[in-house]
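Colleague: Please take me through one part of this model slowly, beginning with a single buried residue and working outward to whatever surrounds the enclosed space. I would rather have one connected account than a list.

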Amino acid sequence: SLQPTYGKNTFDLNTKFPLNNKDSISFEMLKFYISNIELYNNETKVWKAENSFHLVNYENSSSLEIVYDLPLDLDYNRLKFDIGIDSTTNVSGAMGGDLDPTKGMYWTWQSGYINLKLEGTSTICKTRHNEFQFHLGGYQTPYNNLQTVFIEGISLPVIEVNLDIKKLISQINIAGQHHIMSPGQEANDFSEKIINSLSIKK
């Protein structure tokens, strides 16, 4: 289960959140890929999801729940997954299901898949309509910004992962950096901050 929040507030699209004492921010789109889901018992991999490519789209609440039938006797304490699409899948070309280009998360065969889209408006952005757009992706060296996440201490069959959008946004200067639309160092730097914004509800 993936539950975005804005700090201690429930996250929702098209809702104004305070950014500081005078500025506000609202989000119109939040979409990202979860892939390569695996479970570990300490250092030993005990389970791997087959063809695990999931597009989490906050406009579609059912996409926030990723469900698998696990063996009843499976013993695990670590969860691993990627945020984004790995290079092997990228060079295979656009595919179907959640990887279908009609989902709006594919650039071209050269740039590959977009790992995360975050769009909205903020009074701090001196842009047309105060908009910001972050499309993070890229699979070719040195701008492969796939992020691999390990979450320790897993014991419950239902795992709730929280993505704090406030924490993510606070790690960049959104007044000066409000558009990332192609692979590059900016996209890599921002993508690395996603992991710092994740936590698990125990």
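Modeller: I would begin with Asn36, which counts as buried because its relative accessible area is 15%, under the 20% limit. The model is a predicted one, and that should be kept in mind for everything that follows. Asn36 belongs to strand 4, and its backbone has a positive phi of about 50° even though the residue is not a glycine. Asn51 also has a positive phi, of about 45°, and is likewise not a glycine, but its setting is a loop, the one between strand 5 (44-48) and strand 6 (53-57). Asn51 counts as exposed, because its relative accessibility is 68%, whereas Asn36 is buried.

From there I would turn to the open sheet, in which 4 strands follow one another in the order 2-1-11-13 with mixed pairing. Its edges are strand 2 (9-10) and strand 13 (198-201); each has a single partner strand, so one side of each has no neighbour within the sheet. Strand 1 and strand 11 (residues 160-164) run parallel and are joined by 4 bridges. Along this pairing, Gln3 stands opposite Asn162, and Thr5 has Asp164 as its bridge partner. Strand 11 then pairs with strand 13 in the antiparallel sense, again over 4 bridges, and here Leu163 faces Leu198. Strand 11 is largely enclosed by the rest of the structure, because 4 of its 5 residues are buried.

This brings us to the enclosed space itself. Searching the whole structure turns up 1 cavity of 30 Å³ or more, and the largest cavity holds about 40 Å³ of space. Its lining consists of Leu2, Gln3, Pro4, Phe32, Val161, Asn162, Leu163 and Leu198. Strand 1 and strand 11 each contribute at least two residues to that lining, and these are the two strands that the 4 parallel bridges hold together. The cross-strand partners described above reappear here: Gln3 and Asn162 stand opposite each other and are both among the lining residues, as are Leu163 and Leu198, which also stand opposite each other. By character, the lining divides into 6 nonpolar and 2 polar residues, with no charged ones.

The aromatic residues add another layer to the picture, since the structure holds 13 aromatic pairs. In one of them, Tyr6 and Phe17, the ring centres are 4.5 Å apart and the planes meet at 20°, so this pair is stacked. Tyr6 lies in strand 1 (residues 2-6) and Phe17 in strand 3, so the contact ties together parts that are 11 residues apart in sequence. Tyr6 and Phe17 are both buried. Phe17 also forms a stacked pair with Phe11, at 6.3 Å from centre to centre and with 15° between the planes, and Phe11 is buried too. Ring pairs extend this group into a cluster made up of Tyr6, Phe11, Phe17, Phe27, Tyr58, Phe132, Phe134 and Phe190. Another ring takes part in a contact with a charge: the charged end of Arg78 sits over the ring of Tyr40, at 5.8 Å from its centre.

Two loops deserve a careful look as well. The peptide bond joining Thr141 and Pro142 is cis, with omega about 5°, and Pro142 is placed in the loop between strand 9 (131-137) and strand 10 (147-152). In the other loop, Lys22 is found between strand 3 (17-18) and strand 4 (24-41). Lys22 is exposed, because its relative accessibility is 73%. Lys22 also gives a sense of span, with Glu152 lying 130 residues from it in sequence and 38 Å from it in space, C-alpha to C-alpha.

Returning to where we began, strand 4 is the strand that contains the buried Asn36, and the loop holding Lys22 leads from strand 3 to strand 4. For the enclosed space, the part to inspect on screen is the join between strand 1 and strand 11, since both supply residues to the lining of the largest cavity.

Technical notes. Residues are numbered from 1 along each chain as its sequence is written. This is a predicted model: local features need pLDDT of at least 70, side-chain atom pairs count only at pLDDT 80 or more; totals for chains, interfaces and linings use all residues. Side-chain values use heavy atoms; hydrogens and water are left out. Buried means under 20% relative accessible area, exposed over 50%, partly exposed in between (1.4 Å probe, protein chains only). Rings of Phe, Tyr and Trp (its six-membered ring) pair if their centres lie within 6.5 Å; planes under 30 degrees apart count as stacked, over 60 as edge-to-face and the rest as tilted. A charge sits over a ring if NZ of Lys or CZ of Arg is within 6 Å of the ring centre and within 35 degrees of the ring normal. Two strands pair if DSSP finds at least two bridges between them. On a 1 Å grid over the protein atoms alone, a cavity is a set of points where a 1.4 Å probe fits but cannot get out, and a pocket is an open set with protein on both sides within 12 Å along at least five of seven lines; lining residues have an atom within 4 Å of a point. Grid points are joined across faces, edges and corners, and a volume is the space filled by probe spheres set on the points. Ala, Val, Leu, Ile, Met, Phe, Trp, Tyr, Cys and Pro count as nonpolar, Asp, Glu, Lys and Arg as charged, and the others, Gly among them, as polar.
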